Every structure is written in structure tokens, then in C-alpha cells.
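The following exercises treat surface patches, strand pairing and charged side-chain pairs. Each task is followed by a solution in steps.

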Amino acid sequence: MSLVKINGVELNNPAPAPPYNFSKKEMDLDSGRNLEGVMQRNILAHHPHTLKLKFPPMEASQMTTLLNMLDNPYLQVTAFDPFLNDLATYTMMHGDLNPSINIFTEDRILYNEFTVDLVEY
């Protein structure tokens, strides 16, 4: 079983490296205490999910496959949700994609570790 699928495709070559980082956040317009000391909040969104993936160093063909998989404004991401203790599917977008080359020779390109954040719409 894969911990993560993007648009129905398992991430297994390469698979994300540990740790598996899944979070839920609340987004506030503003928050703070009033003159009486009572906390005031204007909540914009409840619990958008964020999945932080880290991949080990990889060959050029693997990086190209991964980048093409992520090259979509809307991603259907199925991942293990520790809050549900089960797999769940969310519509997400990716953060910045910044692959960096470690080795570049005539016959080989090897990329460094690659991280990407997937954030629920």
C-alpha cells in the first residue's frame, strides 16, 4: 500500500522518504485580544490539509516523471490521514517546485533531495 497517490498514481519510484508530514491548520483573517482580554478570531477556513513530501536524491528520468505528475493546478491527492486513521482524497495544489542538480556529467544527471508541499484548496 502506498501512503500517497497523485491523480491515482502511486508514488513509489521514488517513494517519499520519512518523515511523513501531514497537518491541518486554521486560517485566520485576524486574531487578537480585545481591551477586556477576550480572544477574538475571524476564521477564514477550517483545517486545510498540508502534506509535506521529501524525496531522496534521484535520476533525471525520475525527476522528470515526478515534475510532470505535479504539473497540474488541481491534484487529486490520496494520502493516509492520521486524523482519520485511514486513506482520504483531497483536492490540492503544489507549492514551489525547486529541483536542484547535484551531479551533471555527459552520461548522468543526479538531483538532490526534493521537497514539495501539497496544500488543500
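A nonpolar patch is made of residues with over 30% relative accessible area and no salt bridge, their nonpolar side chains being joined within 5 Å. The structure examined here is a predicted model.

**Exercise 1. Identify which residues form a nonpolar patch on the surface, and state their accessible area together.**

Solution.
Step 1. The patch consists of Met27, Leu29 and Leu44.
Step 2. Together these residues have about 320 Å² of accessible area.
Step 3. Leu29 can be placed in strand S4, which spans residues 27-33.
Step 4. The relative accessible area of Leu29 is 58%. Residues over 50% count as exposed, and Leu29 is therefore classed as exposed.

**Exercise 2. Determine the strand order of the open sheet of seven strands and name its edge strands.**

Solution.
Step 1. The order is S2-S1-S8-S9-S12-S6-S3, and the pairing is antiparallel.
Step 2. The edges are formed by strand S2 (9-10) and strand S3 (21-24), each of which pairs on one side only.
Step 3. S12 pairs with S6 in the antiparallel sense over six bridges. Within this pairing, Lys54 has Thr115 in S12 as its bridge partner.
Step 4. S12 is also joined to strand S9 (residues 86-94), here by three bridges, and these two strands run antiparallel. His94 stands opposite Leu118 in S12.
Step 5. Helix H1 (residues 60-70) lies across strand S1 (4-6), S2, S6, strand S8 (75-81), S9 and S12. Relative to S12, helix H1 runs at about 15°.

**Exercise 3. Describe the open sheet formed by three strands, and explain why one side of S7 and of S10 is left without a neighbour in the sheet.**

Solution.
Step 1. The three strands follow the order S7-S11-S10 with antiparallel pairing.
Step 2. S7 and S10 stand at the edges and have a single partner strand each, so one side of each has no neighbour in the sheet.
Step 3. Two bridges pair S7 with S11 in the antiparallel sense. Met58 is found opposite Tyr111 in S11.

**Exercise 4. Decide whether Thr50 is buried or exposed, and list its contacts beyond four places in sequence.**

Solution.
Step 1. Thr50 belongs to strand S6.
Step 2. Its relative accessibility is 7%. The limit for a buried residue is under 20%, and Thr50 therefore counts as buried.
Step 3. Apart from neighbours within four places in sequence, Thr50 contacts Asn21, Phe22, Ser23, Lys25, Met92, Leu118 and Val119.

**Exercise 5. State how many salt bridges the structure holds, and locate the partners of each in the chain.**

Solution.
Step 1. The structure holds three salt bridges. As background, side chains of opposite charge can pair when their charged atoms come close.
Step 2. One pair is Lys52 and Asp117, whose closest N and O atoms are 3.4 Å apart. Lys52 lies in strand S6 (residues 49-55) and Asp117 in strand S12 (residues 114-120), so this pair links distant parts of the chain, 65 residues apart.
Step 3. Another pair is Glu113 and Lys54, with 3.7 Å between the closest N and O atoms. Glu113 is in the loop between strand S11 (109-111) and S12, while Lys54 is in strand S6, so the salt bridge ties together parts that are 59 residues apart in sequence.
Step 4. Arg108 and Glu59 also form a salt bridge, at 2.8 Å from N to O. Arg108 is in the loop between strand S10 (101-104) and S11, and Glu59 is in strand S7 (residues 58-59); the pair links distant parts of the chain, 49 residues apart.

**Exercise 6. Assign the residues of these salt bridges to an accessibility class: which values apply to Lys52, Asp117, Glu113, Lys54, Arg108 and Glu59?**

Solution.
Step 1. Partly exposed residues fall between the buried limit of under 20% and the exposed limit of over 50%.
Step 2. Lys52 has a relative accessible area of 36%, and Asp117 one of 31%; Lys52 is partly exposed, as is Asp117.
Step 3. Glu113 is partly exposed at 46%, and Lys54 is partly exposed at 30%.
Step 4. Arg108 is partly exposed at 37%, and Glu59 counts as partly exposed at 30%.

Terms used
Residues are numbered from 1 along each chain as its sequence is written. This is a predicted model: local features need pLDDT of at least 70, side-chain atom pairs count only at pLDDT 80 or more; totals for chains, interfaces and linings use all residues. Side-chain values use heavy atoms; hydrogens and water are left out. A salt bridge is a side-chain nitrogen of Lys or Arg within 4 Å of a carboxyl oxygen of Asp or Glu. Helices (H or I, at least four residues) and strands (E, at least two) are DSSP runs, numbered from the N terminus. Buried means under 20% relative accessible area, exposed over 50%, partly exposed in between (1.4 Å probe, protein chains only). Contact means heavy atoms within 4.5 Å. Patches are made of residues with over 30% relative accessible area and no salt bridge: like charges are joined within 9 Å, nonpolar side chains (Val, Leu, Ile, Met, Phe, Trp, Tyr) within 5 Å. Accessible areas come from the Shrake-Rupley method with a 1.4 Å probe; for residues, only the protein chains shown count as cover. Two strands pair if DSSP finds at least two bridges between them. Axes are lines fitted to C-alpha atoms, for helices over the stretch in contact, and angles run from 0 to 180 degrees between N-to-C directions.
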